[in-house]
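Trainee: Could we go through this structure together, one question at a time?

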Protein chains: 2
Amino acid sequence: MRATFMYGAGDVRVIDVPDPTLQQPTDAVVRVVQACICGSDLHPYRSMPADENGTPMGHEFLGVVEETGTDVTSVKKGDLVVAPFAWQDNTCDFCREGFQASCRHGGFWAAGGIGGGQAEAVRVPQADGTLVKVPAGVDAALLPSLLTLSDVFATGHHAAVRAKVNARTTVTVIGDGAVGLMAVLSAKRLGAERIILMGRHKARTDLGLEFGATEVVAERGQEGIEKVLALTGGDGTHTVLECVGHMPAYQQALGVARVGGVISRVGVPQYNDGDIGWNLFGRNLTLTGGPAPVRHYIEELMPDVLDGKIEPGKVFDRTIGIEETPAGYQAMDDREALKVLVQF
Amino acid sequence: MRATFMYGAGDVRVIDVPDPTLQQPTDAVVRVVQACICGSDLHPYRSMPADENGTPMGHEFLGVVEETGTDVTSVKKGDLVVAPFAWQDNTCDFCREGFQASCRHGGFWAAGGIGGGQAEAVRVPQADGTLVKVPAGVDAALLPSLLTLSDVFATGHHAAVRAKVNARTTVTVIGDGAVGLMAVLSAKRLGAERIILMGRHKARTDLGLEFGATEVVAERGQEGIEKVLALTGGDGTHTVLECVGHMPAYQQALGVARVGGVISRVGVPQYNDGDIGWNLFGRNLTLTGGPAPVRHYIEELMPDVLDGKIEPGKVFDRTIGIEETPAGYQAMDDREALKVLVQF
């Protein structure tokens, strides 16, 4: 089959690899229907040291079950399924506590002998705990929105959930990337009436306004902080959803959080140390967030997608075939594309 | 009247100052009955640059109302009252949201022309929002426990509340100072069944065991972390109450927090930057805490003290008179005394 591999910064190739096969009785093999490229895939695209063996890419996909191991009971051949960005048993104590990305018996795609999602097929370990079935006969137009359940929408939702966004909380979303826009959508879905989106790419912030943002602040750094403070009577917002992962975004979050507020991060931090002194402590701010327990959220979020109440799939602004994934990475890195869908 | 002032590191004196008087219609003057020395008073005791004007000291006291301004309605002359470590109107939005230490119209003792609590009398601004009345005829033996409501017990309680301690959460308390011991008592009061206390002063950890700790870990640093992990099957605890404020305590907290857990800090951080990268984010840890909204908690905590259900006043292991406050500071700094009560 054809699969996307990365061999170093800027070096993505589509190569032939053997078709995946069942290896454990708890495995399934899924034929991919749609996959996509994640903002987090751009981190290695910018920094990965050259490696002649390459590494498989992709952790977001939906597809059709092709084969199941003898222990798999929840899905069968022919089912359309969504896969979260991590696989898990969904039964261990960490999973039951709602932290499926830390499953005791789970792991990540494109690692430890498991392939990536930007490929024609994937072996899925712990299929019962990992795959979520999509109802039969779903309209194909809904597939891109269903695909966002595998990561980007669930991640935006996680930011809002960990921040305890509700109708009484004002919200700042930092970042107009796909995750930031999904955080806007999620905050709106959870009832937030005031959502300030910090971002400077008009096409993206326009989509943010469509998703529910009430104000856009294009300024960055101290200027951006002051703008948000000016919009909020000098106080900042109860919740800040940090969807970038770089230090300036964290500093911005600290600057716009209201007394007693929550900074919820879902952008993987590209730093270790940050200010957690009096600036955080003195105002009783809470810092939370982490990798989304996607599996925990899919069943809650899917009905709103199936009903057409929300259309998170609008974050995809380019569709390519598997042979074009190298160009897809380049387009996202150049910010020509917001998020690229790979259609099989 | 006699009042305690600090003139620099190690330089505490008891001096004569004018008796406080009403200055605003919302003021009260309180004659102090009991005050105490706080662990946080030791920070300037170790580091304050010499200052010939000195600064008044103390932010924990209970006393009898001597005089009230014309606008004060909730307390009257002769009432026994507890004062929180901050004064506030208790009506602004920050106060109503439960963050009284950030009151829009509040402030701190021993600052801005307000005296300190380690003195014979104190002018109390915003008396209606600040003072909490103790029922008439209370047994004098209960006064030390009531005094802990002004800061140290409420602060330990805040650590546990912000961490959402309950019967299903395992707890690690870092620090065997007075706040750490109060955090143990608070966690126990909120239902925690397993409380690991990290501290190495046996007299203090013994009191911690009496307050509800189930295990004591005397080791520090990586050794201490490994001990807690060994006690918890390698997982750490759901909640970590960091009651010290120094970087090694934060690092210890990071090391013993369970996936999805909460680190709640109430020791004022004596650092700015700390590790908030993958070590915090990757396991979906939450970092919270801050100055306790004492006023918010007093009415909830006082009944258990009056009933004798809990005896937080046991943290006082030395009682002195006002003239002896310099020796009281020295005793706490030398760790000869855990917490010093000043009896008037």
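Trainee: At about what angle to β2(B) does helix α12 of chain B run?

Mentor: Good place to start, and keep in mind that we are looking at a predicted model. Helix α12 of chain B covers residues 325–333 and lies across β1 and β2 of chain B. Its direction relative to β2(B) is about 160 degrees.

Trainee: Which strands of chain B stand at the edges of that open sheet?

Mentor: Follow the order of the three strands, which is β2-β1-β4 in chain B, with antiparallel pairing. An edge strand pairs on one side only. In chain B the edge strands are β2 (11–16) and β4 (55–56).

Trainee: And in chain A, which residue stands opposite A:F5 in β4(A)?

Mentor: Chain A has an open sheet with the strand order β2-β1-β4 and antiparallel pairing. Strand β1, residues 2–8 of chain A, is joined to β4(A) by two bridges. Opposite A:F5, in β4(A), you will find A:P56.

Trainee: What rotation superposes chain A on chain B?

Mentor: The superposition has an RMSD of 0.0 Å, and the shift along the axis is 0.0 Å. The two copies are therefore related as by a two-fold rotation axis. The residue of chain A that comes closest to that axis is A:L287, with its C-alpha at 2.5 Å. The rotation itself is 180 degrees.

Trainee: What percentage of the interface residues of chain A are also interface residues in chain B?

Mentor: Think about which surface each copy uses. The copies meet through the same surface, because the shared part of chain A's interface residues is 100%.

Trainee: Which residue of chain A meets B:R258 in a salt bridge?

Mentor: This pair crosses between chains, so look on both sides. B:R258 sits in strand β15 (residues 257–265) of chain B, and its partner is in the loop between α2 (93–96) and β8 (107–108) of chain A. The N to O distance is 2.6 Å, and the partner is A:E97.

Trainee: Is B:R258 buried or exposed?

Mentor: Buried means a relative accessible area under 20%. B:R258 has 7%, whereas its partner A:E97 has 34% and is partly exposed. That makes B:R258 buried.

Trainee: Which residues are linked with A:E97 and B:R258 in a network of salt bridges?

Mentor: Side chains of opposite charge can pair when their charged atoms come close. Here the network takes in residues of chain A and chain B. Besides A:E97 and B:R258, its members are A:D93, A:R104 and B:D235.

Trainee: How many residues apart in sequence are the parts that B:K133 and B:D79 tie together?

Mentor: These two form a salt bridge, with the closest N and O atoms 3.7 Å apart. B:K133 is partly exposed at 42% relative accessible area, while B:D79 is buried at 7%. B:K133 lies in strand β10 (residues 132–133) and B:D79 in the loop between β5 (61–68) and β6 (80–83) of chain B, so the parts they tie together are apart in sequence by 54 residues.

Trainee: How far apart are the closest N and O atoms in the salt bridge of A:D11 with A:R13?

Mentor: Both partners are partly exposed: A:D11 has a relative accessibility of 25%, and A:R13 has 38%. Their closest N and O atoms are apart by 2.9 Å.

Trainee: Last one: how many salt bridges does the structure hold over all chains?

Mentor: The pair of A:D11 and A:R13 is one example, and the pair of B:R258 and A:E97 is another. Over all chains, the number of salt bridges is 44.

Notes:
Residues are numbered from 1 along each chain as its sequence is written. Chains are lettered from A and ligands numbered from 1 in the order in which they are written. This is a predicted model: local features need pLDDT of at least 70, side-chain atom pairs count only at pLDDT 80 or more; totals for chains, interfaces and linings use all residues. Side-chain values use heavy atoms; hydrogens and water are left out. Copies are superposed by least squares on the C-alpha atoms of residues with pLDDT of at least 70 in both. Contact means heavy atoms within 4.5 Å. Two strands pair if DSSP finds at least two bridges between them. Helices (H or I, at least four residues) and strands (E, at least two) are DSSP runs, numbered from the N terminus. Axes are lines fitted to C-alpha atoms, for helices over the stretch in contact, and angles run from 0 to 180 degrees between N-to-C directions. A salt bridge is a side-chain nitrogen of Lys or Arg within 4 Å of a carboxyl oxygen of Asp or Glu. Buried means under 20% relative accessible area, exposed over 50%, partly exposed in between (1.4 Å probe, protein chains only).
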